[in-house]
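Reader: I'm new to this one, and I'd like a close look at a single part: the place where the two chains meet. Could you walk me through it?

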Amino acid sequence: MLDIFRIKKLSHLSFVDKSALSIYPWKDCKPGKTSSVTLPLFESNIAIVSSAGMYVRELHDTFDHTIKGGDCSYRVIQRNIEIDQLIDGHRSRSFDHSGIKKNPSTGMPIPQLKSLVEEGFIGSLNHRHFSLMGSILAPLRLIKYTIPEIVEKLVRDKVNAVLLVPV
Amino acid sequence: MCPQTVGLVQKACEEVEIQCATISIIDELTQKLHIRRYLSVPYELGYPLGDPDDFTHQKEICRKALSLIQ
């Protein structure tokens, strides 16, 4: 069973944040069709998509916190990255950053999934993963440009399943 | 806005037959977004896999989430 670590969730957000969440026009993320392909996990190639805003200082520009509506760009994180190289670039002040700063793999769980590969629970971990910064209030560019690019790469890599990690 | 960002990725992936499992920190938002498969975790925002020092538990969260695909 899961241990209760901390539960604050919505209740600890500021009045302004809670009000904004209540009136924000959320997109419907229900897929238009149901996937009929089910490969066993032990044969599947798995990728991670995280909205923790992780990047690698030596390889990437940081996410741009000044873009109105949010930075819709993404960073490719290679499977062989040293997890300590990942940096928290998320602009949100609505959550406690100390956990992902202390252990970046909690926002981009590459070592955890490598361990599941070693156990034989999943077939393989894709050679690259994708990092976005979640504070995107205006998602049009995300929908029109960023996501199709990511999905095209996932298809090219023959990824069968994705673990999605919001923060 | 993180749930919406990953939710939109989830929608696009599922529509090309890539199955998805999503960590859900705030179920009210996850449900509002109509995300198909999600694992509800009892953690605060910023801690999708719980205690940052507990690798074994983080791995179990990933395992449980991916198990939703089977």
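Author: Sure, and keep in mind as we go that this is a predicted model. Let's begin with the strands. Strand 7 of chain A pairs with strand 1 of chain B, in the parallel sense, over 4 bridges. To find one of those spots yourself, look for L163(A): its bridge partner in strand 1 of chain B is A21(B).

Now step back along each chain from that pair of strands. On the chain A side, strand 7 covers 161-165, and the loop between helix 4 (140-156) and this strand holds K158(A). The backbone there has something worth a look: phi of K158(A) is near 60 degrees, a positive value in a residue that isn't glycine. K158(A) is exposed, because just 11 other C-beta atoms lie within 10 Å and the cut-off for exposed is 12 or fewer.

Chain B has its own loop to visit, between helix 1 (2-14) and strand 1 (19-24), and that's where E17(B) sits. Its phi is near 70 degrees, again positive in a residue other than glycine. E17(B) has 14 other C-beta atoms within 10 Å, so it counts as partly exposed.

Next, the helices. Helix 3 of chain A (residues 110-119) and helix 3 of chain B (residues 55-67) have axes that come within 9 Å and cross at roughly 75 degrees. An angle from 65 to 115 degrees counts as roughly perpendicular, so that is the word for how these two helices are set against each other. On the chain A helix, the contact is made by Q112(A), L113(A), S115(A) and L116(A), while the chain B helix brings F55(B), Q58(B), K59(B), C62(B) and R63(B). Sorted by class, this contact has 4 nonpolar, 3 polar and 2 charged residues.

Finally, here's the whole meeting place. In total, 63 residues of chain A are in contact with 51 residues of chain B. On the side of chain A that touches chain B, the elements giving two or more residues are strand 1 (45-50), helix 2 (98-102), helix 3, helix 4 and strand 7. Helix 4 of chain A gives the most, with 8 residues. And what is that side of chain A made of? By class, it has 39 nonpolar, 15 polar and 9 charged residues.

Methods: Residues are numbered from 1 along each chain as its sequence is written. Chains are lettered from A and ligands numbered from 1 in the order in which they are written. This is a predicted model: local features need pLDDT of at least 70, side-chain atom pairs count only at pLDDT 80 or more; totals for chains, interfaces and linings use all residues. A residue is buried if 20 or more other C-beta atoms lie within 10 Å of its own, exposed if 12 or fewer, and partly exposed in between; C-beta atoms are placed from the backbone. Axes are lines fitted to C-alpha atoms, for helices over the stretch in contact, and angles run from 0 to 180 degrees between N-to-C directions. Angles under 35 degrees count as roughly parallel, over 145 as roughly antiparallel, 65 to 115 as roughly perpendicular and the rest as oblique. Two residues are in contact if their C-beta atoms, placed from the backbone, lie within 7 Å. Ala, Val, Leu, Ile, Met, Phe, Trp, Tyr, Cys and Pro count as nonpolar, Asp, Glu, Lys and Arg as charged, and the others, Gly among them, as polar. Two strands pair if DSSP finds at least two bridges between them.
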